[in-house]
Amino acid sequence: MAATSTCLTLTILVILGTLIYNTNNVSAQCGGSLPALISECSQFVQKSGPTIPPSPGCCAVIRTFDVPCACKMVTKEAEKFVSIQKTIFVARSCGVKLPAGLQCGSVKVPPKAMK
């Protein structure tokens with residue numbers, strides 16, 4: 001089980017670091033630290049599994065990013081491993097404002113659900 005988790009984390013590191021665009025471009029253009037983002041948030045945006053609320057640590061890291069900027073760098077390759085819908089859920093759960101209609105990879109951000 002631990003080996004699977006480590007492998008998945010490494011896979012997400014590679015995806016976010018190189019397939020989204022590349023680590024230097026994402027960090028330089030959109031702020032934040034990709035290694036910290038991957039360490040704290042990867043479990044919440046995996047393609048498989050249920051949608052679960054992010055941890056306080058994940059939220060602290062994701063708030064250091066310009067998420068709309070990072071959305072523009074998501075590739076089809078990254079979307080094979082990372083759920084954009086879960087990423088939107090995580091960002092919004094952390095208080096990050098994502099305007100409806102923003103293109104995030106192949107997904108247009110939907111309006112925020114009414115409560």
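Student: Which residue just after H7 takes a positive phi?

Tutor: Bear in mind that we're looking at a predicted model here. Step just past the end of H7 and check the backbone: phi comes to about 90 degrees there. The residue with that positive phi is Gly 95.

Student: How do the helices and strands run from the N terminus on?

Tutor: Start with the tally, which is seven helices and two strands. Now walk along the chain from the N terminus, and the order reads α-α-α-α-α-α-α-β-β.

Student: Is H7 largely enclosed or exposed, and why?

Tutor: Count along residues 84-93, using under 20% relative accessible area as the cut-off for buried. Ile 84, Lys 86, Thr 87, Ile 88, Val 90, Ala 91 and Arg 92 pass that test. That's seven of the ten residues, so H7 is largely enclosed by the rest of the structure.

Student: Which elements do the buried residues of H7 pack against?

Tutor: Look for both helices and strands around H7. The helices are H4 (56-62), H5 (67-71) and H6 (76-79). The strands that join them are S1 (103-104) and S2 (107-108).

Student: What is the nearest side chain of opposite charge to Lys 86?

Tutor: Lys 86 sits in helix H7, and it's buried yet has no salt bridge. A salt bridge needs a carboxyl oxygen within 4 Å. The nearest candidate is 13 Å away, and that's Glu 79.

Student: Which backbone oxygen lies 2.6 Å from a polar atom of the Lys 86 side chain?

Tutor: Leaving aside neighbours within four places in sequence, Lys 86 is in contact with Phe 44, Val 45, Gln 46, Lys 47, Ser 48, Gly 49, Pro 50 and Thr 51. Two of these bring in a backbone oxygen: for Gln 46 the distance to a polar atom of the Lys 86 side chain is 2.8 Å. The one at 2.6 Å belongs to Gly 49.

Student: Which residues of the largest nonpolar core touch the most other members?

Tutor: In soluble globular proteins, nonpolar side chains tend to be buried together. This core has 26 residues, and the ones that touch the most other members are Leu 37, Ile 62, Val 67, Val 90 and Leu 98. The elements giving two or more residues to this core are H3 (34-41), H4, H5 and H7.

Student: Which residues does Ile 62 touch, not counting those up to four places away in sequence?

Tutor: Ile 62 is one of those best-connected core members. Its partners include Val 90 and Ala 91, both of them buried in H7. The full set is Leu 37, Val 67, Val 90, Ala 91, Cys 94 and Val 96.

Notes. Residues numbered from 1 in each chain as written. Predicted model: local features only at pLDDT ≥ 70, side-chain atom pairs only at ≥ 80, totals over all residues. Heavy atoms only, no water. Buried < 20%, exposed > 50% of the residue type's maximum accessible area, 1.4 Å probe, protein only. Helix = DSSP H or I, 4+ residues; strand = E, 2+ residues; numbered from the N terminus. Contact = heavy atoms within 4.5 Å. Lys, Arg positive; Asp, Glu negative; His and termini not counted. Polar contact = N/O pair within 3.5 Å; in protein donor to acceptor, adjacent residues only side chain to side chain. Core = buried A, V, L, I, M, F, W, Y, C linked by side-chain atoms within 4.5 Å.
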